[in-house]
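Let's take a walk through a protein model together. Keep the sequence and the 3D view side by side, and follow along at your own pace.

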Amino acid sequence: MINTVNLVKIYQNGGVPVPAVRGVDLRVERGEFVAIMGPSGSGKSTLVHMLGGLDVRTSGEIWLDGKRADTLGESAWALLRRQKIGFVFQFFNLVTNMTVADNVELPALLAGASPREARERREHLLGALGLTGRADAAPAQLAGGEQQRVALARALANRPSLLLADEPTGNLDSRNTRDVLGLLGEVHRDGQTIVLVTHDARVASLADRVVSLLDGQIVDDGAVRAPRRRPRGTAGDVVELRG
Amino acid sequence: MRPFLLALLAKEPAHGYELKQALEQIFGSAYPSPNIGQIYVTLGRLEKDGLVRAVDVEQSNRPNKKVYYLTAAGREALDDWADEPSEGPRVRDEFFMKLVLAPMTGIADRMTLISRQRRHYLGLMRDLNEIAERTPGEDRVALLLIEGAMLHLQADLDWLERCQEDLS
Ligand SMILES: Nc1ncnc2c1ncn2[C@@H]1O[C@H](COP(=O)(O)OP(=O)(O)O)[C@@H](O)[C@H]1O
Ligand SMILES: [Mg+2]
């Protein structure tokens, strides 16, 4: 699904080069759920932005579905995103003069869904995220955690084959995080590919694989496995887990 | 288990089996069901230390049963237990010792240790997620225990990240 080859991003900060991503080779299979972790400033946002065509790479290659993507122009990327990529920004980026419902339905309509399909999809997504009552609100009327969930609903509206998300639970309390985890699980089971930046260990632990970045490079890449098979563990085992 | 039994007896006198049932009912799955033998052994020790006393209560057609109640000394021990601060999470744990000692001895690379530990913590978190899913919503105490364990793990992971930033 995704393949990057020696991907590099160097920002120019007032003439001073800032290397943000330094030679990343990342391969993500179709249907895989990959979490990206790493300290602040390690290049996580830059990496997913490049994968979604929202930041231009300095050098290296990006392949999506077997096609070279890093050489595409802005409008070709826009078309690609409309067809098969959902993107959740770290800072939401909702359209301020549209209601929550319209924010979520728009990508589905742009991708060619009928108004009815778009509405049903929107109702399902807002329901799954506990936002049904907020459909007619404007984004500015919502709390940060609500805006963040709307951003996730919007990214999933066109049933993208690839979901890219930059810290989608950064502003959520534990109950809302549980809703988001439930929805991500559903999306994963449906076979959509997920690449998600997170600091939240609950979210990362659901991924098939965790990639750790440090100073723009991958320093670890491996599967997440529960340590032992205990078919019927209960909360009583939590004590044992810590021990 | 000593302070738990003292606390239950501070509420009302009880016999061993009632204490077992009370523990199960209060903690749900948050506390592994204690076996009755363990409870009697603990009660015996508490009695020897003068913290509880037992009276025989006659029962028709059955052997007498022992009902335990709290003594003044027991009450004091219970108050001391409630008043003292509980031990916090272990920070200087075995992993920390490995991390510090590793480069001196060449037994392992620090980044490798950190990465391995991160995977281990995430695996534990996955296990906790599964346990949480299996725990019924009414079992509030158990869910709080799980959430506590998750928050501890999150803190451990954040700390690993700090180690990685500082030691690289
Ligand atoms: N638009 C930009 N211009 C200049 N430097 C940037 C820009 N965006 C990010 N950087 C720098 O690139 C590095 C990686 O940033 P980022 O990808 O946002 O990291 P993360 O998401 O892991 O916190 C940081 O040093 C950051 O300051
Ligand atoms: Mg970021």
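Start at a turn: in the hairpin of S4(A) and S5(A), which has 2 residues between the strands, A:Asp65 takes a positive phi near 50°. Strands here are DSSP runs of E with at least two residues, helices are runs of H or I with at least four, and both are numbered from the N terminus. Before going on, note that this is a predicted model, in which local features need pLDDT of at least 70, side-chain atom pairs count only at pLDDT 80 or more, and totals for chains, interfaces and linings use all residues. Residues are numbered from 1 along each chain as its sequence is written, chains are lettered from A and ligands numbered from 1 in the order in which they are written, and side-chain values use heavy atoms, leaving out hydrogens and water.

On either side of that turn, S4(A) and S5(A) pair in the antiparallel sense over 2 bridges; two strands count as paired if DSSP finds at least two bridges between them. Here A:Trp63 stands opposite A:Arg68 in S5(A). Moving on, 5 bridges join S4(A) to S1(A), again antiparallel, and A:Val5 has A:Glu61 in S4(A) as its bridge partner. Strand S1 (residues 2–13) of chain A is also joined to S2(A), by 10 antiparallel bridges, with A:Asn3 opposite A:Arg27 in S2(A).

Put together, these strands form an open sheet of 4 strands in chain A, in the order S2-S1-S4-S5, with antiparallel pairing. Strand S2 (16–28) and strand S5 (67–68) of chain A stand at the edges with a single partner strand each, so one side of each has no neighbour in the sheet.

Now find the magnesium ion (ligand 2). Which residues coordinate it? They are A:Ser45, through OG, and A:Gln90, through OE1, at 2.1 to 2.7 Å. Donors are N, O and S atoms within 2.8 Å of the metal (3.2 Å for Na, K and Ca), and water is not among the atoms, so sites may look incomplete. A:Ser45 lies in helix H1 of chain A and A:Gln90 in the loop between strand S6 (85–88) and helix H3 (100–110) of chain A, so the pair ties together parts 45 residues apart in sequence.

Finally, turn to chain B, which is divided into domain 1 (2–83) and domain 2 (93–167), with bounds from an automatic or database domain assignment. The C-alpha centres of these two domains of chain B lie 36 Å apart.
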